[in-house]
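Thank you all for coming; I would like to take a few minutes to go through one model with you. Please have a look at the sequence and the structure first, and then we can talk about some of the aromatic side chains.

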Amino acid sequence: MRRAGRHSRQALEGSSMENGVGQELGTPQTPAAEGTPDPHPSRSRPRLVFHTQLAHGSPTGRIEGFTNVKELYTKIAEVFGISPTEILFCTLNTHKVDMQKLLGGQIGLEDFIFAHVRGETKEVEVTKTEDALGLTITDNGAGYAFIKRIKEGSIINRLQTVCVGDSIEAINDHTIVGCRHYEVARMLRELPRAQPFTLRLVQPKKAFDMIGQRTRSSKSLSEGRVASGKETLRLRAQGPATLEDGPSPFEEEAARRVDDLLESYMGIRDSELASTMVEAAKESPSAAQLAHDLDSVLGEFAFPEEFVAEVWAAVCLPKEAQQ
């Protein structure tokens with residue numbers, strides 16, 4: 001696998017939407033003396049240059065040289081002269097708050113990145129009249145948890161001020177910035193019934209054509225996924241980013257099933273986590289082995305045994321049926 005390219009000049013361009021990634025050649029090498037082998041290839045490895053805008057409106061920026069989401073946010077922030085902590089999340093190929101286009105751990109080489117930044121802060125009082133609030137939580141990989149889905153007919157659905165894309169900044173004045181999605185979901189589950197609590201939310205800054213929008217982000221078979229077979233840049237929490245082929249139809253379907261299980265058991269959706277679990281399950285001969293493997297690398301999630309068993313079945317049983 002090839003690593004993402006080196007750092008280079010970052011520029012703002014006047015064009016509004018030129019979709020895709022540029023591949024620029026590196027600095028030319030000095031020719032070798034006549035009669036001696038050239039230690040350098042005639043073509044340098046191409047740098048991957050992605051195009052980006054602020055979702056509420058901006059010139060187009062060019063970024064490169066990042067290996068994880070935090071570095072990606074830093075690159076975007078440098079281009080537009082803002083703090084990386086201003087960025088709540090990114091979507092691919094749309095400026096709208098569309099959770100089906102949310103940037104996860106993979107970016108297609110032709111994807112255009114839109115950064116959604118902090119907008120207005122609001123506080124909402126909620127009374128938990130049922131065990132489930134009707135929220136599905138995800139996070140941006142850089143310290144902000146936010147609402148990915150609102151269930152129709154739920155407690156939260158009846159509160160018109162709460163929207164998909166809102167970042168949860170505090171629960172009862174207790175800041176949760178820096179918490180992972182599963183931690184926030186657990187905090188909300190453990191709140192007592194019939195006792196009011198306060199959510200402090202930060203909504204993404206909106207362009208004029210997005211004012212008044214309140215989506216519940218219905219499920220989609222292609223949610224959070226790139227096209228099958230499409231080459232992508234895979235971002236990793238540890239280690240360098242790598243160029244990989246997009247997921248196969250089997251891997252895409254398995255990841256969707258695992259993401260559904262994450263929502264059902266833990267109240268979160270995380271396409272990158274689901275893909276990681278699919279990769280682990282494919283190498284595990286049994287659910288017990290998968291539980292051991294997941295505990296060694298993702299122990300902080302404390303996955304229930306029945307959840308791990310369903311993950312293994314979702315990945316391995318369809319795979320066996322195809323053989």
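Let me begin with a question: is Phe 303 buried or exposed? Bear in mind that this is a predicted model. With a relative accessible area of 14%, Phe 303 is buried, because the cut-off for that label is under 20%.

Phe 301 also counts as buried, at 5% relative accessibility. The ring planes of Phe 301 and Phe 303 lie at 10 degrees, with the centres 5.1 Å apart, so this pair is stacked.

Now to the wider count, which comes to 7 aromatic pairs. One of them joins Tyr 182 and Phe 301, and this pair is tilted, with 4.3 Å from centre to centre and 40 degrees between the planes. What I would point out here is that the pair links distant parts of the chain, since Tyr 182 sits in helix H2, whereas Phe 301 belongs to the loop between helix H5 and helix H6, 119 residues apart. Tyr 182, too, counts as buried, at 7% relative accessibility.

Taken together, Tyr 182, Tyr 265, Phe 301, Phe 303 and Phe 307 form one aromatic cluster.

Let me turn, finally, to helix H3, which covers residues 249-266 and reaches 25 Å from its first C-alpha to its last, close to the 26 Å expected for its 18 residues. Among the buried residues of H3 are Phe 250, Val 258, Leu 261, Leu 262 and Met 266, and the charged Glu 252, Asp 259 and Glu 263 are buried as well. Just after H3, Gly 267 takes a positive phi of about 75 degrees.

How values were computed: Residues are numbered from 1 along each chain as its sequence is written. This is a predicted model: local features need pLDDT of at least 70, side-chain atom pairs count only at pLDDT 80 or more; totals for chains, interfaces and linings use all residues. Side-chain values use heavy atoms; hydrogens and water are left out. Helices (H or I, at least four residues) and strands (E, at least two) are DSSP runs, numbered from the N terminus. The expected span of a helix is 1.5 Å times one less than its number of residues. Buried means under 20% relative accessible area, exposed over 50%, partly exposed in between (1.4 Å probe, protein chains only). Rings of Phe, Tyr and Trp (its six-membered ring) pair if their centres lie within 6.5 Å; planes under 30 degrees apart count as stacked, over 60 as edge-to-face and the rest as tilted.
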